[in-house]
Amino acid sequence: MSSKKLTCVCLAFFLVSCQFFRLQAQLQVGYYSTSCSMAEFIVKEEVTKGFMSDNGMAAGLVRMHFHDCFVRGCDGSVLIDSTPSNTAEKDAPPNNPSLRGFQIIDNAKARLESVCKGTVSCADIIAFAARDSTELTHGIGWDVPAGRKDGRVSLASEALANLPAPTFNLNQLTQSFASKGLTQEEMVTLSGAHTIGRSHCTSFVTRLYNFNTTLGQDPTLDASYATQLRQQCPQGSTNPNLVVPMDPSSPNTMDTGYYVDVQANHGLFTSDQALLADAATANQVTQNAMNTFLWQSKFANAMVKMGYTGVLTGNAGEVRLNCRKIN
Ligand code: HEM
Ligand SMILES: *[C@@H]1O[C@H](CO)[C@@H](O)[C@H](O)[C@H]1NC(C)=O
């Protein structure tokens, strides 16, 4: 082979490998092991502190990763504050007032900036915090592939357009997750996050009082559970702060209580109850309800996959110095 030809072959091989690694390894477990070796430890410490003072923070941070990833990819855009000229994602109705845990991210970021300036992205902090929160609530942890960069854009309108609504039916849920590269089964698996945390009454009261023009109450909701929810969420209440646990028997444990609830028609949202709407998803609900380890492992895998959604890597984006502001 002439040396010219050999160069060519080598070059082609090099380009193909580059492409391969770009697809396979755009994120890396242990990404900060040399640049900021304490990064994951510091995040874990701050998440643990936050959890000790309010154990609902774990739910807040698991949800935060989901809400970050579904809007413009996992780029920390959910953390950016609104400005006089821009209403940011965090102020869109699905996030404000319900999304919580921002202070924990700020605390972690402040410490990370003091030990390794401009190194650890806000998007990665959220991804680590979601894993730590799952562990703190007795779920199975996972290695978090990292190396995400932070985005520079955050629009309330995009949060509204990309986050699934609690009124969604099975088709709408499946399509919403498919648009982010996630399967229907992964949607069922990730919905199990509703085994921790709470909901504001405002997110589901239509199911109790204004279901449709002929029925006040959603007939797919268990009647005695509905009675209980009506007591917790009185009709016409003007208190926007009323909340109920989503899995009342164990609201701080990553168990399979959520799937047991759904089987008993105690799913809080139309989108929870919708998992029983066809045989395939109903079957997954049954499997998950019966096997904690199965669900927890599927959840860990699905969270890793969700964490790849639309990530910015390499020279794209930036490492924000303050998670609330673009640099
Ligand atoms: C399948 C479509 C989904 C819909 C329609 C949905 C909707 C909602 C709604 C309306 C709330 C209550 C917010 C409030 O009023 O306080 C909520 C809470 C929550 N969601 Fe989802 N969600 C979905 C999927 C997910 C996924 C994929 C995750 C994470 C992997 C997740 C994690 C959570 C958590 C942990 C909470 C409790 C938050 C807290 O206590 O602060 N959800 N969700
Ligand atoms: C109200 O919901 C019930 C149960 O899903 C349904 O049978 C009925 O047709 C609905 N009514 C209207 C007006 O849509």
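**Close-up 1. Ligand 2 and its neighbours in the predicted model.** Ligand 2 is surrounded by F211, N212, T213, T214, L215 and P219. Two side chains in that set make polar contacts with ligand 2. For N212, an N or O atom of the side chain comes 2.3 Å from an oxygen atom of ligand 2. For T214, a polar side-chain atom sits 3.0 Å from a nitrogen atom of ligand 2.

**Close-up 2. The iron of ligand 1 and H194.** Zoom in on the metal and you'll find just one protein donor: NE2 of H194, at 2.1 Å from the iron atom. H194 belongs to the loop that runs between α8 and β3. The side chain of H194 also has an N or O atom 2.9 Å from a nitrogen atom of ligand 1.

**Close-up 3. Serines beside ligand 1.** Here the partners on the ligand side are oxygen atoms. S203 places a polar side-chain atom 2.5 Å from an oxygen atom of ligand 1. With S199, the distance from a side-chain N or O atom to an oxygen atom of ligand 1 is 3.5 Å. S203 is also listed among the closest residues to ligand 1, together with R100, H194, R198 and H200.

**Close-up 4. The whole shell around ligand 1.** Pull back a bit, and 26 residues surround ligand 1. Sorted by class, that shell holds 14 nonpolar, 9 polar and 3 charged residues. The space ligand 1 takes up is the largest pocket.

**Close-up 5. Which elements build the shell around ligand 1?** At least two shell residues come from each of α3 (57-69), α7 (170-178), α8 (184-191) and β3 (198-200). The top contributor is α3, which gives 5 residues. Seen by domain, the shell takes at least three residues from domain 1 (27-163) and at least three from domain 2 (170-305).

**Close-up 6. Backbone details in the loop between α3 and α4.** Two spots here are worth a look if you're checking torsions. The peptide bond from N96 to P97 is cis, and its omega is near 15 degrees. P97 is part of the loop between α3 and α4 (102-115). R72 lies in the loop between α3 and α4 too. This arginine isn't a glycine, yet the phi of R72 is positive, near 65 degrees.

Technical notes:
Residues are numbered from 1 along each chain as its sequence is written. Chains are lettered from A and ligands numbered from 1 in the order in which they are written. This is a predicted model: local features need pLDDT of at least 70, side-chain atom pairs count only at pLDDT 80 or more; totals for chains, interfaces and linings use all residues. Side-chain values use heavy atoms; hydrogens and water are left out. A residue is near a molecule or strand if one of its heavy atoms lies within 4 Å of it. A polar contact is a pair of N or O atoms within 3.5 Å; within protein, one must be able to donate a hydrogen and the other to accept it, and residues adjacent in sequence count only if both atoms are side-chain atoms. On a 1 Å grid over the protein atoms alone, a cavity is a set of points where a 1.4 Å probe fits but cannot get out, and a pocket is an open set with protein on both sides within 12 Å along at least five of seven lines; lining residues have an atom within 4 Å of a point. A molecule sits in a cavity or pocket if more than half of its atoms lie within 2 Å of its grid points. Helices (H or I, at least four residues) and strands (E, at least two) are DSSP runs, numbered from the N terminus. Ala, Val, Leu, Ile, Met, Phe, Trp, Tyr, Cys and Pro count as nonpolar, Asp, Glu, Lys and Arg as charged, and the others, Gly among them, as polar. Domain bounds come from an automatic or database domain assignment. Donors are N, O and S atoms within 2.8 Å of the metal (3.2 Å for Na, K and Ca); water is not among the atoms, so sites may look incomplete.
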